[in-house]
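Trainee: Can we go through the helix packing in this one? I'd like the angles and the contacts.

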Amino acid sequence: KMCLNGPRVNRKKKGSKMALTVNEGWSVEDVFEWASENMGPVTANKLKDNEVDGAALLLLEYQDFYHMQIPAGPRRKILSAVAAAKGLSASDVRPSSFLPTGYKPFTVLKNLITEEDVPLIKNYFSTCPPDDIAAGSNYTQLVLNKRVHVPAIEARLNAMFPNMMVFATNFFGGDAENGQYSGWHTGVNLSKLFVGNPDTFTVWIPLQSLTEETGGRLWFYNGEYLDSLVDLLKVTNKKTHAFQYLTLHLLEKELEANKTTADCLFGNGFLFREINPHCVDQLCKIKREVLSIRMISKGAVVDHAFMKELEELPEEGTINLVENKAILGRLSKFLGFTKEVFEESLQIEKEKEKEREKEKKLESA
């Protein structure tokens, strides 16, 4: 049985198949031979052209597969082999560096906020004007185009995810009687804003405990087609990705039959990939307020060409959704606002970097 640092696997005898195991000590040529046998010459040559050896193979992320243009089938085999080498099941490995072991399809992060953080968050968003791109929603307050900066929270997230940055913040507030149900949706539109469609993830933080008794929790699809659905959303053309909602509508029975969640006690939050299908409890018995923090890899770049293409969308054009119809002009406006918030976030990151440099100088003085 192969392990991370075990000896090189013996090459197959003629007519036999090489096992789907990988070794950290493999050379580029070893990886090429292994991939040739298990995934064919196209994938093997792509790995070889990118000088992927055994150590690199174990560290591949979604963006790497994307740039090498390795399709879903071979990618699944590679991830299964990586999982086996690490003593995990295939479902425990996802092609995203930020995801912790056992992520399926969300993780509860603890001690993200304190009682002292709540007034700061509420006070900030209480001054925000009504969000016109959210017209028709059943939230008493919905803010999608502002960037709240709470240093204490961001310091905790930076410690957990040093290679990521906050690029947007949202606020959801609603009274119990207004329902708040948003239907099945994904945040794939956010990744389309950036060059290369990088993974984005959200840390969803309720400002009060949410349990089965209170309702208002976030639910996630966790069926056997999760990875396939993510692949489909990833490859959707940027200008037609709004049609994701038609796909989710057709899959509603599958989504409802295979959804999962957990209680989210005060101070904690859900970490999840924005592209994963999710929805909110149809019923909520309490007033619910949620801070949603969206993060992305540092170095992400806005796809300005795509933003220009969005201007071609008809302002009044509509597309059928799960619950109603969405105006395509609002999609363009939402991504435009998100771009502005992202640029504001870059300025915040620059200021934070300046502060870190000052601290280093003081420490060395």
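Trainee: At what angle do α1 and helix α2 pack?

Mentor: About 165°, with the axes of α1 and α2 (residues 41-49) 7 Å apart. That makes α1 roughly antiparallel to α2, the word for angles over 145 degrees. Axes are lines fitted to C-alpha atoms over the stretch in contact, and angles run from 0 to 180 degrees between N-to-C directions. Helices are DSSP runs of H or I with at least four residues, numbered from the N terminus.

Trainee: Any caveats on the source?

Mentor: This is a predicted model, where local features need pLDDT of at least 70, side-chain atom pairs count only at pLDDT 80 or more, and totals for chains, interfaces and linings use all residues. Residues are numbered from 1 along each chain as its sequence is written, and side-chain values use heavy atoms, with hydrogens and water left out.

Trainee: Back to α1 and α2. Which residues make the contact?

Mentor: On α1, Val 28, Glu 29, Val 31, Phe 32, Ala 35, Ser 36 and Met 39; on α2, Thr 43, Ala 44, Asn 45, Leu 47 and Lys 48. Contact means heavy atoms within 4.5 Å.

Trainee: And α1 with α5, what's the angle there?

Mentor: Helix α1 (residues 28-39) packs on α5 (residues 72-85) at about 125°, with the axes 11 Å apart. That makes α1 oblique to α5: oblique is what remains after under 35 degrees (roughly parallel), over 145 (roughly antiparallel) and 65 to 115 (roughly perpendicular).

Trainee: Which residues touch?

Mentor: Trp 34, Asn 38 and Met 39 of α1 meet Pro 74, Lys 77, Ile 78 and Ala 81 of α5.

Trainee: Which residues of α1 are buried?

Mentor: Asp 30, Val 31, Phe 32, Trp 34, Ala 35, Asn 38 and Met 39, where buried means under 20% relative accessible area with a 1.4 Å probe, protein chains only. The buried residues of α1 pack against α2, α3 (54-57) and α5.

Trainee: How far does α1 reach, and what follows?

Mentor: Its 12 residues reach 15 Å from first C-alpha to last, close to the 16 Å expected, taken as 1.5 Å times one less than the number of residues. Gly 40 follows α1, with a positive phi near 95°.

Trainee: Different topic: His 67. Buried or exposed?

Mentor: His 67 counts as exposed because its relative accessibility is 56%, and the cut-off for exposed is over 50%. His 67 lies in helix α4 (residues 62-68).

Trainee: How many residues separate His 67 from Gly 196 along the chain?

Mentor: 129, yet the C-alpha atoms of His 67 and Gly 196 are separated by 7.9 Å.

Technical notes
Helices (H or I, at least four residues) and strands (E, at least two) are DSSP runs, numbered from the N terminus.
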